[in-house]
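Visitor: I should like to learn how a structure of this kind is read, feature by feature. May we begin with the whole and then proceed to single residues?

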Amino acid sequence: MGPTSTAPGAIEIAGIAAARGLPGARSSWVRGPVWDGLWMLSALWLAPIVLWLAYGYADPESSPLDLLYFGLTALFWLGHRFCSTYLAYCTEAYRPLLRTQPVRFVVLPVLITIGCFAFFLPADLAFPWTRAERLVGLAIVDYAWVTWHFAAQHFGALSLYRSRAGRAACVNTRRFDRFFALVVGGALVFIADILAGAVAYQDQWIDHWFFPAWMVSAQGAIRDGATLVLMIVTVAVLFAELRTSRWSLPRVLYIIGIAVMVGIALRPRSLFLFLVVWTSQHWILATGLASQTLRGEPAPRRGLIRGALHGLNIRPWAVVLFLTVLSVLLLPLFEVEANRQAGTYYGERIFGALATGLRTSSWVPMLVALGFATGFIHYLLDRSVYRMSDPQVRLAARGLLEHRSKTSNVGE
């Protein structure tokens with residue numbers, strides 16, 4: 001499914017060790033077992049549902065699983081992409097950072113937007129490369145960045161749980177988290193993509209390397225070897241976690257969830273199974289975190305619009321509702337840029353001829369440039385709004401860091 005071309009994206013919550021200025025977390029959960037189980041640990045319920053829906057079907061894309069992915073894509077794909085943009089520009093909590101860190105929050109996003117449009121929109125003769133070649137180049141950059149982006153999110157989630165367990169300053173655990181995220185959430189997924197031929201425009205760059213030819217004939221052994229690496233790394237990280245005096249159940253569950261998803265990727269049946277669970281987990285986690293980040297933001301001193309946004313921001317359920325509605329409404333615009341070769345685009349199931357018309361209109365170059373620009377900005381701003389080594393960011397995101405005494409419910 002095409003949304004992976006600028007899908008979604010990542011949250012590197014790094015340096016939470018420095019969050020000493022905020023109240024300490026007495027609970028190892030972000031909000032509580034129920035909330036965390038739905039939003040943070042979604043891999044644990046997504047994986048069995050995905051396998052169940054595809055069971056008995058030779059082609060999982062023709063199974064009820066396609067309907068599930070349609071719903072998850074419509075509700076969370078684009079909402080998740082604009083989570084960090086919303087946090088940066090539509091909240092009182094992050095407003096001070098626009099003034100104190102204009103390069104991160106204003107200058108770079110503007111330059112990325114201008115760069116994407118200036119690079120992609122000109123006609124074929126304007127550059128040494130045709131527009132089609134520029135599209136391939138942007139897609140390759142996007143694939144590399146989004147692969148890092150996903151791995152960074154897993155490291156961020158583990159860092160957040162490490163902080164909640166009172167071990168934010170533990171250097172060894174942080175190293176284990178980074179190693180697990182990069183090897184399991186990054187390198188092994190990249191290998192699985194190569195074996196499945198799912199890397200963006202793989203024939204334009206990966207297949208020109210010296211090893212893909214023998215990888216085709218040896219892919220069975222490579223899959224088995226990668227699975228063995230997955231098991232060894234997962235067991236080692238879990239062992240290191242469980243032998244600590246303050247081990248964290250949410251961290252254990254998160255590690256298991258990531259390992260299960262990558263295990264699905266390394267099986268040869270269908271990449272679609274992995275695509276559904278991998279991207280959906282990423283989108284759901286990003287949306288859930290964004291809804292909780294603003295719980296403690298200060299009220300604005302003036303402005304009707306700012307007051308209305310503040311009323312939404314302090315209600316997590318309202319933030320989720322806003323982001324999901326936004327995701328549905330933007331689907332036909334951004335699916336133009338989706339990398340789907342055949343079949344029905346999901347936007348057509350909701351918007352019909354409107355979605356079809358957009359994909360065949362003169363607006364296509366503009367929409368493709370917009371898709372890449374918003375994707376790149378998403379990767380950049382996710383790192384900025386969850387950069388917990390910065391005291392200002394910690395203050396803005398205190399809704400994630402402060403302890404809440406009562407166990408949260410799903411709807412909170």
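Guide: Please note at the outset that this is a predicted model. We may start with the fold as a whole.

Visitor: How many helices and how many strands does the protein chain have?

Guide: The protein chain has 19 helices and zero strands. Of its 412 residues, 53% count as buried. Its exposed surface comes to about 17,500 Å², with carbon and sulfur atoms supplying 67% of that area.

Visitor: What share of the contacts in the protein chain with a separation of 6 or more comes from residues 24 or more positions apart?

Guide: That share is 78%. One pair shows such a separation: Thr 113 and Ala 369 are 256 residues apart along the chain, yet their C-alpha atoms are separated by 8.3 Å. Thr 113 belongs to helix H6 and is partly exposed, its relative accessible area being 27%. Beyond its sequence neighbours within four places, Thr 113 is in contact with Ala 373 and Ile 377.

Visitor: Which residues have the most contacts inside the largest nonpolar core?

Guide: They are Met 40, Tyr 94 and Val 262, in a core of 102 residues. Helix H12 (residues 271-293) provides the largest share of this core, 12 residues. If residues up to four places away in sequence are set aside, Met 40 touches nine-residue surroundings that are best read by name: Val 30, Trp 35, Ala 157, Leu 160, Tyr 161, Tyr 254, Gln 281, Leu 285 and Leu 289. A second core, separate from that one, has nine residues, among them Tyr 143, Ala 200, Trp 205 and Ile 222.

Visitor: I turn now to charged residues. What is the general idea behind a salt bridge?

Guide: Side chains of opposite charge can pair when their charged atoms come close. In this structure, a search of the whole finds 10 salt bridges. One of them joins the side chains of Arg 167 and Glu 241, at 2.7 Å from N to O. Arg 167 lies in the loop between helix H7 (131-164) and H8, whereas Glu 241 lies in helix H10, so this pair ties together parts that are 74 residues apart in sequence.

Visitor: Are Arg 167 and Glu 241 buried or exposed?

Guide: Arg 167 counts as buried because its relative accessibility is 6%, under the limit of 20%. Glu 241, at 2%, is buried as well.

Visitor: Which residue forms a salt bridge with Asp 177?

Guide: The partner is Arg 251, and the closest N and O atoms are 2.8 Å apart. Asp 177 lies in helix H8 and Arg 251 in helix H11 (residues 249-265), so the parts tied together here are 74 residues apart in sequence. Asp 177 is buried, with a relative accessible area of 0%, and Arg 251 is buried at 1%. Salt bridges with shared partners join Arg 162, Arg 167, Asp 177, Glu 241 and Arg 251 into one network.

Visitor: How does one check the length of a helix such as H8?

Guide: One compares an expected span with the distance between the end C-alpha atoms. The 26 residues of H8, at 1.5 Å a residue, should span 38 Å; the end C-alpha atoms are 36 Å apart, which agrees. After H8 comes Gly 197, with a positive phi near 70 degrees.

Visitor: Which residue has a positive phi although it is not a glycine?

Guide: That residue is Tyr 201, with a phi of about 50 degrees. Tyr 201 sits in the loop between helix H8 (171-196) and helix H9 (212-217) and counts as partly exposed at 27% relative accessibility. Gln 202 is in the loop between H8 and H9 and counts as buried, at 10% relative accessibility. Gln 202 touches Asp 193, Ile 194, Gly 197 and Asp 207, residues up to four places away in sequence not being counted.

Visitor: Finally, which residues make the nonpolar surface patch of about 550 Å²?

Guide: The general idea concerns helix geometry: an α-helix has 3.6 residues a turn, so residues three or four places apart point the same way. Here the patch is made by Val 103, Val 106, Val 107, Leu 108, Val 110, Leu 111 and Ile 114. Leu 108 is placed in helix H6 (residues 102-120) and is partly exposed, with a relative accessible area of 34%.

Definitions and conventions. Residues numbered from 1 in each chain as written. Predicted model: local features only at pLDDT ≥ 70, side-chain atom pairs only at ≥ 80, totals over all residues. Heavy atoms only, no water. Patch = residues over 30% accessible without salt bridge, like charges linked within 9 Å, V, L, I, M, F, W, Y side chains within 5 Å. Areas by Shrake-Rupley, 256 points an atom, 1.4 Å probe, with all protein chains shown as cover. Salt bridge = Lys/Arg side-chain N within 4 Å of Asp/Glu carboxyl O. Helix = DSSP H or I, 4+ residues; strand = E, 2+ residues; numbered from the N terminus. Buried < 20%, exposed > 50% of the residue type's maximum accessible area, 1.4 Å probe, protein only. Core = buried A, V, L, I, M, F, W, Y, C linked by side-chain atoms within 4.5 Å. Contact = heavy atoms within 4.5 Å. Expected span 1.5 Å × (residues − 1).
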